[in-house]
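Grab your viewer and a cup of coffee, and work through these exercises in order. Each one sets a task and then walks through a solution.

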Amino acid sequence: MIPRTSTNLRNRVNKLYLPRTKALYPLFELISNSIHAIQEVKENSTNGQVGRINIDLLRIVSVEALEQVESLDAYPVDSFVVYDNGIGLNDSNFTSFMEFDSEKKAEIGGKGVGRLVCLKAFRELHVESVYRNYEKELKIRRFKYKRTKTGFEDYEENIETNISATQTRVELKGL
């Protein structure tokens, strides 16, 4: 089942202003979300887990071509991938994700528009998250989020997994 929102996502993103000088703001949003997810794990756990965020930059080129050039600037950036070992996109966080202008993170400065900013600068987001469901079982939620009326594509949730901890991987695709 594809989640539904009552707002036209494409129209909302089109109305959003993001100056060219803030082109990396979507990456900042993902890193900020990762930090919040890691803090949420620490608040709900006593195992002393160390938070981790990895960021990959993907260019439009083969690895062989990159090895032969003097300047990486010759090959434009296509995508960023941000991976964290935070709480994951559990049901509560996913409900907040679906709500435009969510107040979930208002106390820590969140405005509830991060995913909109991401879609303003990138063609789509690919999200895969391992989260704990209400029965405390680890499950996977994955989807593509695009600048369409509904936003969601290829949505799946409650997927069985052998992964032993919560985590999230988000790719900002198509700069």
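A residue counts as buried when its relative accessible area is under 20%, as exposed when it is over 50%, and as partly exposed in between. Keep those cut-offs handy, and keep in mind that this is a predicted model.

**Exercise 1. Classify N85 and describe its surroundings.**

Step 1: place it. N85 sits in the loop between β2 and α4.

Step 2: apply the cut-off. The relative accessible area of N85 is 7%, so this residue is buried.

Step 3: list the neighbours, skipping residues up to four places away in sequence. N85 touches I38, V41, Q49, V50, G51, R52, T166 and Q167.

Step 4: look for a partner far off along the chain. V130 is 45 residues away from N85 in sequence, and their C-alpha atoms are separated by 9.1 Å.

**Exercise 2. Get the overview: what is the order of helices and strands in the protein chain, and what share of its residues is buried?**

Step 1: count the elements. The protein chain has 5 helices and 6 strands.

Step 2: read them off from the N terminus. The order is α-α-β-α-β-α-α-β-β-β-β.

Step 3: check burial and surface. Of the 175 residues, 39% count as buried. The accessible surface comes to about 10600 Å², and carbon and sulfur atoms own 49% of that.

Step 4: ask how far along the chain the contacts reach. Take the contacts between residues at least 6 apart in sequence: 65% of them join residues at least 24 apart.

**Exercise 3. Take helix α2 and work out its span, its buried residues and what they pack against.**

Step 1: measure up the helix in the model. Helix α2 covers residues 25-43, which is 19 residues, and reaches 27 Å from its first C-alpha to its last. That is close to the 27 Å expected at 1.5 Å a residue.

Step 2: pick out the buried positions. They are P26, L27, E29, L30, S32, S34, H36, A37, I38 and V41. Two of these, I38 and V41, turned up in Exercise 1 as contacts of N85.

Step 3: find the packing partners. The buried residues of α2 pack against β1 (53-59), β2 (77-84), α5 (114-121) and β6 (167-173).

**Exercise 4. Now do α5: how many of its residues are buried, and what covers them?**

Step 1: count. In α5, 7 of the 8 residues are buried, so the helix is mostly covered.

Step 2: name them. The buried ones are G114, R115, L116, V117, C118, L119 and A121.

Step 3: look at the cover. It includes α1, α2, α4 (91-98), β3 (124-132), β4 (138-146) and β6.

Step 4: step past the end of the helix. R123 is in the loop between α5 and β3, and at 48% relative accessibility it counts as partly exposed. Leaving out residues up to four places away, R123 touches K146, R147, K173 and G174. The C-alpha of R123 is 9.9 Å from that of D78, and the two are 45 residues apart in sequence.

**Exercise 5. Is T7 buried, partly exposed or exposed, and which residues does it touch?**

Step 1: find T7 in the segment before α1 (9-15).

Step 2: classify it. The relative accessibility is 32%, so T7 is partly exposed.

Step 3: list its contacts beyond four places in sequence. T7 touches R12, F100 and K149.

Step 4: check the long-range pair. T7 and T150 are 143 residues apart in sequence, yet 7.9 Å apart from C-alpha to C-alpha.

**Exercise 6. Inspect strand β5 for positive phi values.**

Step 1: start with D154. This residue lies in β5 (residues 152-159), and its phi is near 55°, positive although D154 is not a glycine.

Step 2: move on to N158, also in β5. Phi of N158 is about 55°, again positive in a residue that is not a glycine.

Step 3: compare with the burial cut-offs. D154 is partly exposed at 45% relative accessible area, and N158 is partly exposed at 41%.

**Exercise 7. Describe the second largest pocket.**

Step 1: the volume is about 380 Å³.

Step 2: the lining takes 16 residues, and those closest to the pocket centre are V41, N44, I87, R132 and T166.

Step 3: sort the lining by class. It has 4 nonpolar, 9 polar and 3 charged residues.

Step 4: link back. V41 is one of the buried residues of α2, and both V41 and T166 are among the contacts of N85.

Conventions: Residues numbered from 1 in each chain as written. Predicted model: local features only at pLDDT ≥ 70, side-chain atom pairs only at ≥ 80, totals over all residues. Heavy atoms only, no water. 1 Å grid on protein atoms, 1.4 Å probe; cavity = no way out; pocket = protein on both sides within 12 Å on 5 of 7 lines; lining within 4 Å. Points joined across faces, edges and corners; volume = space filled by probe spheres on them. Nonpolar A, V, L, I, M, F, W, Y, C, P; charged D, E, K, R; others polar. Helix = DSSP H or I, 4+ residues; strand = E, 2+ residues; numbered from the N terminus. Buried < 20%, exposed > 50% of the residue type's maximum accessible area, 1.4 Å probe, protein only. Expected span 1.5 Å × (residues − 1). Contact = heavy atoms within 4.5 Å. Areas by Shrake-Rupley, 256 points an atom, 1.4 Å probe, with all protein chains shown as cover.
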